[in-house]
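Here are some comments for a colleague at the bench, to be read with the model open. They deal with the sheet, the helices that lie across it, and one helix pair.

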Amino acid sequence: MSSPTGPAGLPVRMPRPRQTGRHRRPEPAVAPEGAPALVLAVPGVPSAASRGLAEEIISIGRSELPGLDARIGFLDGDDASAFPSLSGVLTTVAAERAARAEFARATGHEVPAPTGPDAVVVPLLAGPDGDLLRRVRRALMDSPAAAELADVLGPHPLLAEALHVRLSEAGLARADRARLFTVTTAADGIVLATTGGEEAVKAAGITGMLLAARLAVPVKAAALDQEGSVAFVAEQLRREGSGQLALAPYLIGPEAAEGLLDTACKEAGCAAAEVLGAYPALGKLAVAQYSAALGIPVPQGVGAH
């Protein structure tokens, strides 16, 4: 039987028939009608790079939960620029929701009444940075919106996976235990560097244990923003027998002050992998935390921590 053709006789991609039976793929969840907006709270100095990163994570989130209303708010944003502040975005979300409800009443449309908060704010943080989270809460208080604060993205096994990938991309770890045994630069000890003080280091340590299981090498967490912490942990690893160290930033990117990672690498005397950046799992985790805050099913294969 001939296949359908398009312009110039080129084949047309036909929709794949829906699988049936117990081996069919589950249908993706869809955001409930009238659901609150997901507002991604982006820390650090706003820039084109941090905006692009946030947009990529939001794009992944929308693919995980079709119909999701997702926005970006910057902790240090300026509502008059391309980097809207978190409190400004929340104010806009609340005003838009109220306007939709008023329009529906005025025109006699039957629409579901909005339920839950106006927005769920998901901090773009791998761990619990206390200072940044206090600023997020202050932004929520400064806005008239009814907003709920979701958990940070970690600790989570998907973040251990992301760290492993970044280390292997830098040639500092094997992609897995069975392949790439020729990687001569693979580290035999990992300093997992984060920001946010002691609480953040403890949380990073949980993901660090998962990373250690993947790499079969010791992993210890250290605080980038505490003087001497990275050097101290590096020395601990060396005393315990690790001869070739690597630094794995437990950071998404915007939350770290410029120069922190370079200084830490010099103190530890080792090479470093890239930050987590827009690793696809981050979009999934953002939606998982949003869903958990609302009590709706999280995406397949991603459990909120």
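1. Two strands are taken to pair if DSSP finds at least two bridges between them. The model discussed here is a predicted one, and with that criterion in hand, strand S1 (residues 37–42) is found to pair with S2 in the parallel sense over 5 bridges. Within these two strands, valine 42 of S1 stands opposite phenylalanine 74 in S2.

2. Taken as a whole, the sheet is open and has 4 strands, which follow the order S2-S1-S3-S4 with parallel pairing. Strand S2 (70–74) and strand S4 (147–149) each have a single partner strand and stand at the edges, so one side of each is left without a neighbour in the sheet. From one strand to the next, the twist averages 30°.

3. Which helices should be looked at together with the sheet? Helix H1 (residues 48–64) lies across S1 and S2, and runs at about 155° to S2, while helix H8 (residues 280–294) lies across S1, strand S3 (119–123) and S4, running at about 140° to S3.

4. Please also look at helix H6 (residues 229–239) and helix H7 (residues 260–268), whose axes come within 8 Å and cross at roughly 35°, the passage of H6 by H7 being a right-handed crossing. In this contact, Val230, Ala231, Ala234 and Arg238 of H6 meet Ala264, Glu267 and Ala268 of H7. Sorted by class, the contact of H6 with H7 comprises 5 nonpolar and 2 charged residues, with no polar ones.

Definitions and conventions
Residues are numbered from 1 along each chain as its sequence is written. This is a predicted model: local features need pLDDT of at least 70, side-chain atom pairs count only at pLDDT 80 or more; totals for chains, interfaces and linings use all residues. Side-chain values use heavy atoms; hydrogens and water are left out. Axes are lines fitted to C-alpha atoms, for helices over the stretch in contact, and angles run from 0 to 180 degrees between N-to-C directions. Contact means heavy atoms within 4.5 Å. A crossing is left-handed if the near helix is turned anticlockwise from the far one by less than a right angle, and right-handed if clockwise. Ala, Val, Leu, Ile, Met, Phe, Trp, Tyr, Cys and Pro count as nonpolar, Asp, Glu, Lys and Arg as charged, and the others, Gly among them, as polar.
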